[in-house]
Structures are given as C-alpha cells and as structure tokens.
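Colleague: I would like a close look at a single part of this model. Please take me through the sheet, then through what packs on it and around it.

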Amino acid sequence: MTLAKTLTIAGSDSGGGAGIQADIKTFQELHTFGMSVITALTAQNTLGVHGVFPQSLEAIEAQLEAVLSDIGTDAVKTGMLFSADIITLVANKLKEYDVKNIVVDPVMIAKGGASLLQEEAVKALTSELLPIATVITPNLPEAAKLLGRAEMRSLEEMKQAAIDLHKLGPSFVVLKGGHLTDGPAVDLLFDGKCIHELEVQRIDTKHTHGTGCTFAAAIAAELAKGAHIKEATETAKAYITAAISHSLNIGSGIGPTNHAAFRYNSN
Ligand SMILES: Nc1ncnc2c1ncn2[C@@H]1O[C@H](COP(=O)(O)OP(=O)(O)OP(=O)(O)O)[C@@H](O)[C@H]1O
Ligand SMILES: Cc1ncc(CO)c(N)n1
C-alpha cells in the first residue's frame, strides 16, 4: 500500500495543540504519511509559550537531508521558522529537491503574544520563501506585516490584501479572517484571477490554539493527495471547522482543537 507523503517543517509545541504536533495529527487524520523537520522546540501549554529553543542549522539541515534524500514528499507545510538563516536553509533545500506543493504558513506570533519569528527574518520570508510557495496562509496580522501596512479591518481591505500578497510570488493566497472580531469566519482564496470566499458561522469558543497550523496542514495533506487548491482549501475549512466545533477544554488557558471531530463527522 502507498500513502501520499506530507512533511511539516515547523516548531514543536510541547502542549500538543499547535506546531509539529497539530500538523502530524492533521496529516494522519487526512490519511497521509506525516513526517517532520523540527526547527525549534517550544516549552508551551494552553497558557502560552514559556521558552523557545531554536535548533542548530546543522540539526535542521540533517533532518531535511534525511527525509528528502530518501523518502521524499508529495507536499510540505512550513510553520515556525524563527530566523532568517533557517528560512534560507529551508528555501534552498526545497529548491534543491524540487519539492512540489509548498504550503507556507508565515507564523510570526503565538496567540499569547510570544514571538515565533525574529523581526529581521520577515524580509527573508518575503524574498526567499514566498516566491517558491504554492500557497501562503497568513492571518490578518501576518498579512499586514508581509505587506508593511496597517491591519485590515474589513472584507474589502482583505480582498485588496489578498491581491497584493499574490504579487509577492506565491501561486495562491489564502488569507484567513479568523482575527476579524465580529461576523462569520471568512477566509479568502485568491488564485491570481478570482477571489473565492470561504465562510462559516463563527464558533463561540476560546479554545482555538493551533487553528492556523491545523488549517495549513490540512491544505498540504489534500494537495499531497492530488486535490486542486480550491478543493483542498474547502476540505481544510471543513476540517478546521469541525475541530473548532468540538474544541477541547484542556488546561486552564486557550485549549486546543479536536482532530478526531472530522472523522466523527465524515462517518
Ligand atoms: N471562532 C472561530 N469559528 C470558526 N472558524 C474559526 C474561528 N477562529 C478561527 N477560525 C478559522 O480557523 C482557521 C485559522 O484561522 P486563524 O485566523 O485563527 O489562524 P491563526 O491566527 O493563524 O491561528 P494560530 O493561533 O494557529 O496562529 C481559519 O479558517 C479561520 O477562519
Ligand atoms: C510551535 C508553534 N508553532 C506555531 C504556533 C502558532 O499557533 C504556535 N503557538 N506554536
């Protein structure tokens, strides 16, 4: 038997809600073979990030080489990359191995406010990774940072931002509207020609730790299996919506989403 292969290049979340752990759970639930390259360890729980320990470039390169030289992958998702040097290394390896279906989630700041990307690394992200991305999945603060402008506050501003982000080089842009404070949770998919809206009723819960990672990992899993971007994004939206609907009241802060929910819904 063969399975589509998926690789996450991201930070580890000891609390299991975001980062590598969210990605691997998503890859598994969507019936792909998940692999990981860990860029940084975070000591993290539902209350926040208590420590960030970036891995050495040597350790990251060795993981990339081990996976790509032997197993290969049908899609990759990048999350927390932390520094400009790590971004350069990752971009070069993805080019060297001609990796297809690159989903770049430009992770910058955790929900509690901890920095997961150094300020000076934003430039490297824009110049080295976005041009080789199949799809980028910024939230509104990340989109604002990538474009060097104030945060979008309306659907109209989001539409213009999606068009402008596309000019930075990715084939597709998925701009996530989870951070708009009221109304439904609307994300936009821009394919260079049309803007598609993905809209769901906002779910009233505080337990949304890891939503962004999970959503991007689901897009990567679907692309790995051969789905087109629109189909991949729609399945990812259904996956994250189910996971948020059944989110978990674990720990005393912002709890994680529930990866088993999609399985229950589809059975
Ligand atoms: N309360 C909610 N109800 C329904 N969907 C939501 C809710 N919050 C977020 N989403 C959806 O979850 C996905 C992730 O969006 P969000 O903007 O929260 O990501 P993020 O900020 O990158 O998350 P992270 O905390 O992992 O960094 C999007 O599809 C968004 O629309
Ligand atoms: C390791 C890691 N990656 C990404 C996020 C963003 O949610 C997080 N909180 N932790």
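**The sheet and its surroundings**

Modeller: The model is a predicted one. Start at one pairing inside the sheet: strand 5 (residues 102–104) and strand 6 (residues 135–136) run in the parallel sense and are joined over two bridges. One of the residues involved is V104, whose bridge partner in strand 6 is I136.

These two strands belong to an open sheet of nine strands, with the order 3-2-1-4-5-6-7-8-9 and mixed pairing. The edges are formed by strand 3 (48–54) and strand 9 (195–200), each of which pairs on one side only. Helix 1 (residues 19–29) packs on the sheet, where it touches strand 1 (5–13), strand 2 (33–45) and strand 4 (75–78). The direction of helix 1 makes about 150° with that of strand 1.

At the edge formed by strand 9, the pairing with strand 8 is in the antiparallel sense, over six bridges. Within this pair, V186 has E199 in strand 9 as its bridge partner. Strand 8 and strand 9 form a hairpin with four residues between the strands, and in that hairpin G192 takes a positive phi near 100°. As a general point, side chains in a regular strand alternate between the two faces of the sheet.

Next comes helix 7 (residues 211–224), which lies across strand 1, strand 4, strand 5 and strand 6. Helix 7 runs at about 170° to strand 4. Helix 7 also has a helix partner: its axis and that of helix 8 come within 8 Å and cross at roughly 140°. The two helices are therefore oblique to each other, and their crossing is right-handed. On the helix 7 side the contact includes T211, F215 and I219, among others, while the helix 8 side includes A232, Y239 and I244. Sorted by class, the residues of this contact are 10 nonpolar, four polar and two charged.

Two ligands can be placed against these elements. Around ligand 1 there are 22 residues, of which N139, G178, A185, I203 and G212 come nearest. The elements giving two or more residues to this shell are strand 8 (185–190), helix 7 and helix 8 (229–245). The shell around ligand 1 holds eight nonpolar, nine polar and five charged residues.

Ligand 2 has 15 residues around it, and the nearest are G11, A18, G19, M80 and A110. Here the elements that give two or more residues are strand 1, strand 2 and helix 7. Strand 1 gives the most, with three residues. By class, this shell divides into seven nonpolar, seven polar and one charged. Helix 7 is thus named for both shells, that of ligand 1 and that of ligand 2.

One further pair of helices completes the tour. Helix 2 (residues 57–70) packs with helix 3 (residues 84–96) at an angle of about 20°, and their axes are 11 Å apart. That angle makes helix 2 roughly parallel to helix 3. Helix 2 passes helix 3 in a right-handed crossing. From helix 2, L57, I60, E61, L64 and L68 meet D85, I86, L89 and K93 of helix 3. The residues of this contact are six nonpolar and three charged, with no polar ones.

Key
Residues numbered from 1 in each chain as written. Chains lettered and ligands numbered in written order. Predicted model: local features only at pLDDT ≥ 70, side-chain atom pairs only at ≥ 80, totals over all residues. Pairing = 2+ DSSP bridges. Contact = placed C-beta atoms within 7 Å. Axes fitted to C-alpha atoms, helices over the stretch in contact; angles between N-to-C directions. Near = placed C-beta within 6 Å. Nonpolar A, V, L, I, M, F, W, Y, C, P; charged D, E, K, R; others polar. Parallel < 35°, antiparallel > 145°, perpendicular 65-115°, else oblique. Left-handed = near helix turned anticlockwise from the far one by under 90°.
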